[in-house]
Amino acid sequence: MRRIAILGSTGSIGTQSLDVIRRHPESFCAAALAARSSAAALAAQVREFSPAAAALVCPPEGFAGENNCEWSFGEEALLDICAREDVDAVLVAVVGIAGLPAVLRAIECGKTVLLANKEALVTGGALVMEAARRKGVSLLPVDSEHSAIFQCIQGRPNAHPCRIVLTASGGPFRTWSREQIERATVEQALRHPNWSMGRKITIDSASMVNKALEVIEARWLFDMAPEDIEVVVHPQSVVHSGVEFSDGALLCQMGLPDMRVPIAYAMSYPDRMGNVGERLDLTRAGALTFEAPDFARFPALKLAWEVLREGGDAPVRLNGANEVAVDLVLRGELPFFRIADLLAETLSREGARPVREVADVLDADRRARETAHALAQRWTA
């Protein structure tokens with residue numbers, strides 16, 4: 001029985017993780033659940049799964065939790081969950097840079113980290129990987145693409161990949177012209193053709209910033225040079241990513257687009273679970289196509305390699321500016337197509353500074369957010 005804490009349990013990844021636990025109560029238990037502000041949803045999960053602890057970062061006024069478990073509140077509540085002795089693994093599915101302190105706390109406490117928060121590696125990649133090495137902690141990817149890569153390299157300790165191929169669906173605007181994208185609405189950006197995800201990551205997918213962040217995440221997870229990471233647009237979302245070895249062999253992981261599969265693989269690693277997702281029938285899959293990404297229509301994607309080459313806190317500033325941009329888009333205060341412009345201009349305002357500790361990350365994030373907010377005023381809808 002693996003005792004799992006889920007940070008972000010009321011979100012898309014969190015609810016699908018709980019579905020895996022629901023299907024396999026003999027193998028997993030939800031030892032602790034945490035959410036940001038969805039009090040009613042979290043309380044319902046607590047009633048069903050009976051965790052020992054629950055945490056709510058921003059509780060509504062007067063909310064005191066329910067008496068059937070230990071409740072905690074505030075920003076420190078997530079960190080307290082990570083340190084609990086009755087937790088074996090922490091699934092970090094909170095959104096944004098808020099996941100970085102939780103990942104670091106879980107590592108310091110010797111917990112296995114199931115990583116569904118790419119921003120932790122985008123902003124603190126060197127710090128996180130060094131902490132994991134020092135503590136001997138496993139960092140298991142939950143993102144479908146990084147899980148695919150991880151699965152492809154298992155059992156080959158002496159055969160480091162020479163190239164990583166990250167697949168991208170292309171999002172809802174894959175076939176749109178630049179002129180059409182410039183007229184895109186928030187509602188159109190939120191209609192992902194293949195995946196059911198949270199609002200923030202769905203906007204990131206539409207702008208292809210999500211893939212840019214995944215390039216940075218892959219650089220740290222798999223110790224790859226940026227120039228050895230390639231993005232290929234694959235609209236069917238059946239091939240989830242792959243790795244190429246020195247002899248030219250390209251190994252790919254395939255399956256229907258269902259996040260429960262990579263979630264279950266991370267939760268059960270090194271084993272595999274049955275009763276997770278629907279099986280892929282290749283005879284009914286149809287044609288699988290692949291395209292080169294169009295940087296002219298999706299200019300935010302190329303920023304991944306630019307900030308990796310620049311190094312230092314450049315990826316932190318990219319992420320901070322993007323979190324501001326997406327928030328403004330979702331509130332209807334910034335046109336969708338201006339996301340890439342806002343990111344590029346924010347990055348251009350200063351050069352990279354070194355990142356030696358978490359304080360450097362937080363300072364770079366703060367500066368980027370202030371700059372992005374100031375720049376966005378010219379484009380506010």
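Here a colleague asks about a predicted model and its modeller replies.

Colleague: Welcome! Which strands stand at the edges of the open sheet?

Modeller: This is a predicted model, in which local features need pLDDT of at least 70, side-chain atom pairs count only at pLDDT 80 or more, and totals for chains, interfaces and linings use all residues. Residues are numbered from 1 along each chain as its sequence is written, and side-chain values use heavy atoms, with hydrogens and water left out. The sheet has 7 strands (E, DSSP runs of at least two residues, numbered from the N terminus), in the order E4-E3-E2-E1-E5-E6-E7 with parallel pairing, where two strands pair if DSSP finds at least two bridges between them. A single partner strand each leaves one side without a neighbour in the sheet, so the edge strands are E4 (70-73) and E7 (139-141).

Colleague: What is the bridge partner of Ala 54 in E4?

Modeller: Strand E3 (residues 53-56) runs parallel to E4, and 4 bridges join them. Follow Ala 54 across to E4 and you reach its partner, Trp 71.

Colleague: How many residues of helix H4 are buried?

Modeller: Helices are DSSP runs too (H or I, at least four residues), and buried means under 20% relative accessible area, with exposed over 50% and partly exposed in between (1.4 Å probe, protein chains only). The buried residues of H4 include Leu 100, Val 103, Leu 104 and Ile 107. An α-helix has 3.6 residues a turn, so residues three or four places apart point the same way. H4 (residues 99-108) is mostly covered, and of its 10 residues the buried ones number 7.

Colleague: What angle does the direction of H4 make with that of E6?

Modeller: H4 packs on the sheet, touching E1, E5 and E6, where contact means heavy atoms within 4.5 Å. Axes are lines fitted to C-alpha atoms, for helices over the stretch in contact, and angles run from 0 to 180 degrees between N-to-C directions. For H4 and E6, the angle is about 155 degrees.

Colleague: Which helix gives the largest share of the largest nonpolar core?

Modeller: A nonpolar core is a set of buried Ala, Val, Leu, Ile, Met, Phe, Trp, Tyr and Cys residues joined through side-chain atoms within 4.5 Å. The largest one has 127 residues, and Leu 7, Leu 91, Val 113 and Phe 336 have the most contacts inside it. Its largest share is 9 residues, and they come from H13.

Colleague: Is Glu 323 buried or exposed?

Modeller: Glu 323 is found in helix H13 (residues 314-330). Beyond four places in sequence, it touches Gly 96, Ile 97, Glu 119, Lys 200 and Arg 369. Its relative accessibility is 14%, so Glu 323 counts as buried.

Colleague: How far apart in the chain are Phe 150 and Tyr 265, the aromatic pair?

Modeller: Rings of Phe, Tyr and Trp (its six-membered ring) pair if their centres lie within 6.5 Å; planes under 30 degrees apart count as stacked, over 60 as edge-to-face and the rest as tilted. Phe 150 and Tyr 265 are 6.3 Å apart centre to centre with 65 degrees between the planes, an edge-to-face pair. Phe 150 is in helix H6 (residues 144-153) and Tyr 265 in helix H11 (residues 260-268), a separation of 115 residues.

Colleague: What kind of pair do Tyr 265 and Tyr 269 form?

Modeller: Tyr 265 is buried at 8% relative accessible area, whereas Tyr 269 is partly exposed at 25%. Their ring centres are 5.8 Å apart and their planes stand at 70 degrees, so the pair is edge-to-face.
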